[in-house]
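The following exercises concern residue contacts, helix packing and burial. Each task is followed by a solution in steps.

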Amino acid sequence: MLKFFQILSYGIINGGLYGLVALGLSLVFGVMNYLNVAHGGLIMLASYMTLLIFSSLHIDPFLSILLVTPAFFVIGWVLFKVLYQSLMKFTEGEKIKNSLLISFGLLLVFANLAILLWTADERAVAPGYTGKVFDVFGVRLPYTGLGGLALAITVIIALHLFLTRTYFGKAIRAVSLDHEAATLMGINVNKVCLVAFSIGFALAGIPGVLTSLHAFNPAISFDLTNKALIVLILAGVGSIKGVLIGGLFLGAVEAAGVYLVGTPYREVFGLILFVLILMFRPQGLAGKKS
Amino acid sequence: MKPILLLAGIVIGLALVPLVITKEYILNLIILVSLYTVLSQSWNILGGYTGQISLGHSTFFGMGALVFRFLWIAGLSPYLALGAGSISSLLLASAIGFPAFKLKGHYFAIGTLALSMIALITVQNVFPGVSFIPPQYLKGYSLFPIYYMALILGTITILLVYGLSRSKLGLALVSVREDEDAAEAIGINIFKYKVISMSLSTLIAGLGGGLFSFYVASYYYYVPFDLGWSFDPVSGRTYLRCRCFCDIERIIRHQSGTDECVDLRHRLHLHGPLLSQGHHRNTQTTSEEKIIGRFREGDLRGKGVRRRNFKVENL
């Protein structure tokens, strides 16, 4: 029983990370129908940036979020101007297709760039508290994992509040519902899209910090994109609260799979869940039937 | 009638090729072309005629290969094993493929992709090693039976798809592709025709898998399940595969000319698309694979490469 709770707790800690990984993707996809599969690559780059900051400036990884996130906001801004803005004029289906092609190319570029710059070796950021655990009735909870879970919940709730309680958040939601109607209401759609896209990129920085605390290499970008897409389907497109639920649920299901069958089949359970959701609840766990 | 005559001419011509041309390279190339024909036509029935974009064909291809390999090694004749492999593909499809029809459009594509990933991971875990054929089979290994099997399968699939395209069944499939609601309105049972299309498609994919398994002497069990086999029928990767296969051919020519020991892996992979290309995981040389085969110089220099005689040491 102790083993089960141990595995489940790791699953939930992982689930928080999955939610965070899918967050930026969900925001960008929800607002402007860009399926930005390069998201995993950005997270991987953010991990390397955290590593660089940690090794050269000796700043704690959790604090380095304050540096990484703005940097990725700027990268998002630039990439939107350079690559994605020209897609704005297309119809919904074309947008998905073209952005998928562009971002898949970017994903390959990022992964190879990272191999070129830092080689394919496994790396990790190891601050003083790595490996330290918090003991709850025999279940060992690592500090880094707990910090990550708390961070994930905070960030997702903060984004949810930003979208529902602020004026600019309202504008973003209006744009995601209908571009034309939003224009008629006096919203500058281009500006809103630019900012939302950059926020989506900035949100890649936060899971990047969390993945840097475990071993990572350039290849994780593909796995992370995979997970993000699964969570996106679980959550229902554009649902921010759903991302948290979906991520935690995926983590828990994977943990149950690991407990029942074994570690090699961890991915299988995520994928089975994905297929089942596609079959029986294509609008996602938290989505409403359209 | 003309296309049939043309096809008959081509097939008879190809059937005579091994009697005239002894260059292995040409035979390998024709086998590969047939293999990809089978796989592409299999995909064509489901994806082309019925409009269900499946990215899960590697599962059925791999299932055919897996069952073929086990039955063949157990002593069954290749053609019986081929049939069994094909039917097991169909069984697998009825277990996982037909429920997938609950998914529509893009969802079907990503759903089947997820299914094929599940199959790949499962096979990687259940059969982690390399599938060898026993030494006595390796001694008798010759391209001729493989060549004719490939030719027969290629012809059958082309004829089948040709017949299908001119039949009432084919029309029904096309109507499902064009507009599901309209097809249903004029009294076509969509689910039934999707199932028929999927069954035909998986049967043929299973045949292709069996051919692969007959052709490639040793491979990792997961290789025919690799996602590449789902994308290949739809893309131009055939060309790339042929390219790398030529490179290996050249390397082996060079090595055997100097009578050096040649890594058996290369020799065996000569018969297949270069398997390690693009499948980085686990495919690099392992101790299992470092079985050294030695060529007899004369075979390659003097008489051409009509039969591959090489002693297998330490098998």
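**Exercise 1.** Leaving aside its neighbours within four places in sequence, which residues is L211(B) in contact with?

*Solution.* The model is a predicted one. Once the neighbours within four places in sequence are set aside, the contacts of L211(B) are L35(B), V38(B), M149(B), A150(B) and L153(B). L211(B) also belongs to the largest nonpolar core, which has 143 residues; together with A22(A) and V231(A), L211(B) touches the most other members. Helix 1 of chain A supplies the largest share of this core, 13 residues.

**Exercise 2.** Determine how helix 1 of chain A is oriented relative to helix 8 of chain A, and characterise their contact.

*Solution.* Step 1: helix 1 (residues 2–32) and helix 8 (residues 189–212), both of chain A, pack at an angle of about 170°, and their axes are 8 Å apart. Step 2: angles over 145 degrees count as roughly antiparallel, and therefore helix 1 of chain A is roughly antiparallel to helix 8 of chain A. Step 3: the residues that meet include L17(A), L20(A) and G24(A) from helix 1, and C193(A), F197(A) and G200(A) from helix 8. Step 4: by class, this contact comprises 18 nonpolar, 2 polar and no charged residues.

**Exercise 3.** Establish whether F269(A) is buried, partly exposed or exposed, and locate its contacts.

*Solution.* Step 1: F269(A) lies in helix 11 (residues 266–280) of chain A. Step 2: F269(A) has 19 other C-beta atoms within 10 Å. Because burial requires 20 or more and exposure 12 or fewer, F269(A) is partly exposed. Step 3: not counting residues up to four places away in sequence, F269(A) touches V253(A), E254(A) and G257(A). Step 4: V253(A) is 16 residues from F269(A) along the chain, and their C-alpha atoms are separated by 6.8 Å.

Notes:
Residues numbered from 1 in each chain as written. Chains lettered and ligands numbered in written order. Predicted model: local features only at pLDDT ≥ 70, side-chain atom pairs only at ≥ 80, totals over all residues. Axes fitted to C-alpha atoms, helices over the stretch in contact; angles between N-to-C directions. Helix = DSSP H or I, 4+ residues; strand = E, 2+ residues; numbered from the N terminus. Parallel < 35°, antiparallel > 145°, perpendicular 65-115°, else oblique. Contact = placed C-beta atoms within 7 Å. Nonpolar A, V, L, I, M, F, W, Y, C, P; charged D, E, K, R; others polar. Core = buried A, V, L, I, M, F, W, Y, C linked by C-beta atoms within 7 Å.
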